[in-house]
Amino acid sequence: MTLALFLVDALPAADAHTLDGPEGRHAAAVRRLRAGESLLLTDGAGAVARCTVVAAGRDTLDLAVQERWTEPEPSPRVVVVQALPKGDRGELAVELATEAGADAIVPWRATRCVTKWEDGPRGAKALERWRKTAREAAKQARRPWVPPVREPVALRGLLTLVGSSALTLVLEAGLSTRLADVDLPDSGDVVLVVGPEGGITPDELDALSAVGARPVRLGPSVLRTSTAAAVTLGALGVRTGRWG
């Protein structure tokens, strides 16, 4: 069985460490880890430590660090640009994309988004929910790299992101070009753009194509905006070998 993974701000420098706070509470009270069992700690940026539980308190664990290592950053990286879905489908999209291997997530204020995330407290709370979802999904998937959820962008910010990528793929149904027809880079950022429920507007598609984005279809089915990124990441993972 894969060892449970817990997030810490930084890996312990010493060979003894106490896991406390929310992660310690979850490990001791929810997972009920006990003396002699093993777990993993990560800083979410590739550093990992394998530890053995020495003693368990009510909401803390005393640990002995057995081994440390660093997982290399994935290459190529996949940056998911996710148009803002309605309701809680945004958190679902982030959860599935994180578990499927997204390396960064960018919320997109597309023209046809029903949800807008206006600047202010409400938008900040929505962004924080996405970030918490990514963090929890990375733990569930035992990922030592937690994908950052960046600040939301409008079209201008998205065009800048496209211009700095090694390749940008825009998911669009009904096209002749398939994802399988596009050559993938060996390194750099592959940006994957997922539109909203109402679709990407012709003006947005023209603007993205003008800076080098490649509109493609994944297959004959039309996917929900909340699941499209995860399905595409699976297809990309098979082609790049990132998932074995």
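Visitor: Is Arg-142 buried, exposed or partly exposed?
Guide: Arg-142 counts as partly exposed, at 26% relative accessibility. Keep in mind that this is a predicted model.

Visitor: Where does Arg-142 lie?
Guide: Arg-142 lies in the loop between H3 and helix H4, and H4 covers residues 155–163.

Visitor: What about phi of Arg-142?
Guide: Phi is near 60° there, a positive value in a residue other than glycine.

Visitor: And what is phi for Arg-32?
Guide: Arg-32 has a positive phi of about 55°, although it is not a glycine. Arg-32 comes just after H1, in the loop between H1 and strand S3 (38–42).

Visitor: Is Arg-32 buried or exposed?
Guide: Arg-32 is exposed, because its relative accessible area is 56% and the cut-off for exposed is over 50%.

Visitor: Back to H1, then. Which of its residues are buried?
Guide: H1 runs over residues 21–30, and its buried residues are Glu-23, Gly-24, Ala-27 and Ala-28. These buried residues are on the same side of H1, because they cover an arc of only 115° around the axis.

Visitor: Which residues are exposed on the other side of H1?
Guide: Pro-22 and Val-30 are exposed there.

Visitor: What do the buried residues of H1 pack against?
Guide: Three strands and a helix: S1 (5–7), S2 (16–19), S5 (61–70) and helix H3 (121–140).

Visitor: Now H4. Which residues are buried there?
Guide: Leu-158, Leu-161 and Val-162 are buried in H4. They cover an arc of only 100° around the axis, so they sit on the same side of H4. On the other side of H4, Arg-156, Thr-160 and Gly-163 are exposed.

Visitor: What do the buried residues of H4 pack against?
Guide: Their partners are S6, strand S7 (104–108), strand S8 (167–171), S9 and H5.

Visitor: How many residues are in the largest nonpolar core?
Guide: The largest nonpolar core has 47 residues. Those with the most contacts inside this core are Val-81, Trp-108, Leu-158, Leu-169 and Val-193. There is also a second, separate core of 15 residues, including Val-8, Ala-27, Ala-49 and Leu-61.

Visitor: Which residues is Leu-169 in contact with?
Guide: Leaving aside neighbours within four places in sequence, the contacts of Leu-169 include Leu-179, Val-182, Val-190, Val-191, Leu-192 and Val-193. Arg-214, Val-216 and Leu-236 are also in contact with Leu-169.

Visitor: Different topic. How much space lies in the largest pocket?
Guide: About 380 Å³. Of the 19 residues that line the largest pocket, the closest to its centre are Leu-171, Glu-172, Ala-173, Val-222 and Leu-223.

Visitor: What is the lining like by class?
Guide: The lining of the largest pocket has 10 nonpolar, 5 polar and 4 charged residues.

Visitor: Which peptide bond is cis?
Guide: The one from Ser-75 to Pro-76 is cis, with omega near -5°. Pro-76 is in the loop between S5 and strand S6 (77–83).

Visitor: One more loop. Where is Thr-201?
Guide: Thr-201 is in the loop between strand S9 (189–194) and helix H5 (202–210).

Visitor: Is Thr-201 buried or exposed, and what does it touch?
Guide: Thr-201 counts as buried, at 12% relative accessibility. Not counting residues up to four places away in sequence, Thr-201 touches Thr-111 and Arg-112.

Definitions and conventions:
Residues numbered from 1 in each chain as written. Predicted model: local features only at pLDDT ≥ 70, side-chain atom pairs only at ≥ 80, totals over all residues. Heavy atoms only, no water. 1 Å grid on protein atoms, 1.4 Å probe; cavity = no way out; pocket = protein on both sides within 12 Å on 5 of 7 lines; lining within 4 Å. Points joined across faces, edges and corners; volume = space filled by probe spheres on them. Nonpolar A, V, L, I, M, F, W, Y, C, P; charged D, E, K, R; others polar. Core = buried A, V, L, I, M, F, W, Y, C linked by side-chain atoms within 4.5 Å. Buried < 20%, exposed > 50% of the residue type's maximum accessible area, 1.4 Å probe, protein only. Contact = heavy atoms within 4.5 Å. Helix = DSSP H or I, 4+ residues; strand = E, 2+ residues; numbered from the N terminus. Arc of directions from axis to C-beta.
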